[in-house]
Amino acid sequence: MFLYYCVAFTVLVIASPLLLFKAKARAGLFQKLGLIPAEFKIQDNSVWFHAVSMGEFHAIKTLLRDFHDKHPQVPVVVSTTTATGQSLAKETVGSWAQVIYMPFDLPWTVCKWLDRAQPSLIVISETEIWPGLAYQCKQRGISLVVVNGRISPRSFKQYNRFKFFFSKVLRNFSAFGVQAETEAERYRSLAESPQVDVRVLGNLKLDGLHAHSQSVTDELRASLGLEKVSPVIVAGSTHEGEESAVLDAFIQARKEHPNLKLIVVPRHPERFDRAAEIVKKTGLALSRYSLGENFSSGADVLLIDAMGLLTKLYSVASVAFVGGSIAPIGGHNLMEPYLYKVPVICGPNIQKTRDTASQLQQKNALFVVADASGVGEKLCYLLNSEAERVSMGERGNQFLLVSRGATERALSFIEEFMQPSQAATAQMKMPTVS
């Protein structure tokens, strides 16, 4: 552990110029360095939840709500790493939880926050393996658990190269609640110990997805200036290179479907202007949501240069493309379009969602294309075959419905590691049913 801290400190020193000059990296920098704001209240036996970014927070926000509803007397701390995650956390749980930035995994930063927050339990969402934090929790008798755990095949290979180190780190965790059996196998293999507690709880993100009513969809369609007869492609969470791929597919498909419209939703706000430039270079008419523009002006493409609208926008889609999959990102949430029975096309880089993608493919509910050119081929196929388009959407929606229930299982899992006094107080305050 001493060697790890030496390496971590060296990396921090080398990276410090970037932390100071990059706005994205500066988010919460003082808190990450161990400077605790004066407004942070000293806790006693708190439960600390960590979600690195917006996606991870979305996954656990229903779990957080259910935990607080059942244990309102338990102090809750919520940490994130990114500014977007921090903003969403404050908006969602800031009225009853203390929201902070996760400190760097160094002894003086981690210990300072642990001393102040005084957690009896720390719950980490998805794939956040912090060796220093895990070591400190073990030394202090703090329960440390993972919910919605996953290790992609790519990450598994990287961890496996240093199994001699990470196997010891994983043994400092109290338990792991993971999304699927394949994930459980990876955790067990890395830990190299039959005593490590790994349980399959399901995917929390599926429980947090809720479809809007048809009336809301109709209002949205009208506000976007969409005619009812217009088929729509929604390209969600796009990265560099993916707008171009979808635009090429869109231009190809419009030869047979002249009423076709395209909605582009970049993953990161800093790419909004870049995405607009890419659309303009094609010669297609562009509208920007932030300017109050829509399709009523005769636009071919609507750029959604705002955050938090993607799930709702899938409700007006005929076909969805989910980004982070042609770009080497690892893929984003494939399940959101199926709330509205919308079939999905994605690229080959789906390491982060491989298990979900495999299950969808087994049910013939997802097209995974080999490269950018494949997007156009599958898009034209789905637009030309209404029966298959509807059938794919139905199959994906059915998979979503039968896969729910992870939140209830995760809540019970967490409660096993709470202090007896916390659980007992909660039981006393629970209303009786007559």
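Hi everyone. Before the charges come up, one convention: Lys and Arg count as positive, and Asp and Glu as negative, with His and the chain ends left out. On that count, the protein carries 46 positive and 40 negative side chains, and the centres of the two sets are 4 Å apart. Please keep in mind that this is a predicted model.

Let me start with the overall fold. The protein is built from 20 helices and 14 strands. Its radius of gyration is 23 Å, close to the 22 Å that the globule rule gives for 434 residues, so the protein is as compact as a globular protein of that length. The C-alpha trace spans about 65 × 60 × 40 Å along the principal axes. Of the 434 residues, 55% count as buried. If you look at contacts with a separation of 6 or more, 69% of them come from residues 24 or more positions apart. The accessible surface is about 19400 Å², and carbon and sulfur atoms own 54% of that.

Now to two helices, beginning with H13, residues 242-254. How far apart should the ends of this helix be? At 1.5 Å a residue, its 13 residues should span 18 Å, and the end C-alpha atoms are indeed 18 Å apart, so the two agree. The buried residues of H13 are Glu 242, Glu 243, Ala 245, Val 246, Leu 247, Ala 249, Phe 250 and Ala 253. As background, an α-helix has 3.6 residues a turn, so residues three or four places apart point the same way. What do the buried residues of H13 pack against? Their partners are strands S8, S9, S11 and S12, together with helices H14 and H17.

The second helix is H6, residues 107-117, where the buried set is Thr 109, Val 110, Cys 111, Trp 113, Leu 114 and Ala 117. These residues pack against helices H3 and H7 and against strands S1, S2, S3 and S4. Just after H6 comes Gln 118, with a positive phi of about 50°.

That takes us to backbone angles. Most residues other than glycine have a negative phi. Besides Gln 118, which has a positive phi, I'd like to show you two more. Glu 192 has a phi near 55° and sits in the loop between helix H10 and strand S7. Ser 237 also has a positive phi of about 55° without being a glycine, but its place is in strand S8. Which of these is buried, and which is partly exposed? Ser 237 is buried, at a relative accessible area of 7%, which is under the 20% cut-off. Glu 192 is partly exposed, at 46%.

I'll finish with two positions that you can find by distance. Lys 280 belongs to helix H14, residues 272-281, and is exposed, because its relative accessible area of 57% is over the 50% cut-off. From Lys 280 to Gly 292 is 12 residues in sequence and 18 Å in space, C-alpha to C-alpha. Gln 73 is in the loop between helix H4 and strand S2, and is partly exposed, with a relative accessible area of 24%. Between Gln 73 and Glu 183 there are 34 Å, C-alpha to C-alpha, for 110 residues along the chain.

That's my tour, and I'm happy to go back to any of these residues with you. Thanks for listening!

Note on methods
Residues numbered from 1 in each chain as written. Predicted model: local features only at pLDDT ≥ 70, side-chain atom pairs only at ≥ 80, totals over all residues. Heavy atoms only, no water. Helix = DSSP H or I, 4+ residues; strand = E, 2+ residues; numbered from the N terminus. Rg over C-alpha atoms; globule rule 2.2 N^0.38 Å. Buried < 20%, exposed > 50% of the residue type's maximum accessible area, 1.4 Å probe, protein only. Contact = heavy atoms within 4.5 Å. Areas by Shrake-Rupley, 256 points an atom, 1.4 Å probe, with all protein chains shown as cover. Charge placed at Lys NZ, Arg CZ, Asp CG, Glu CD. Expected span 1.5 Å × (residues − 1).
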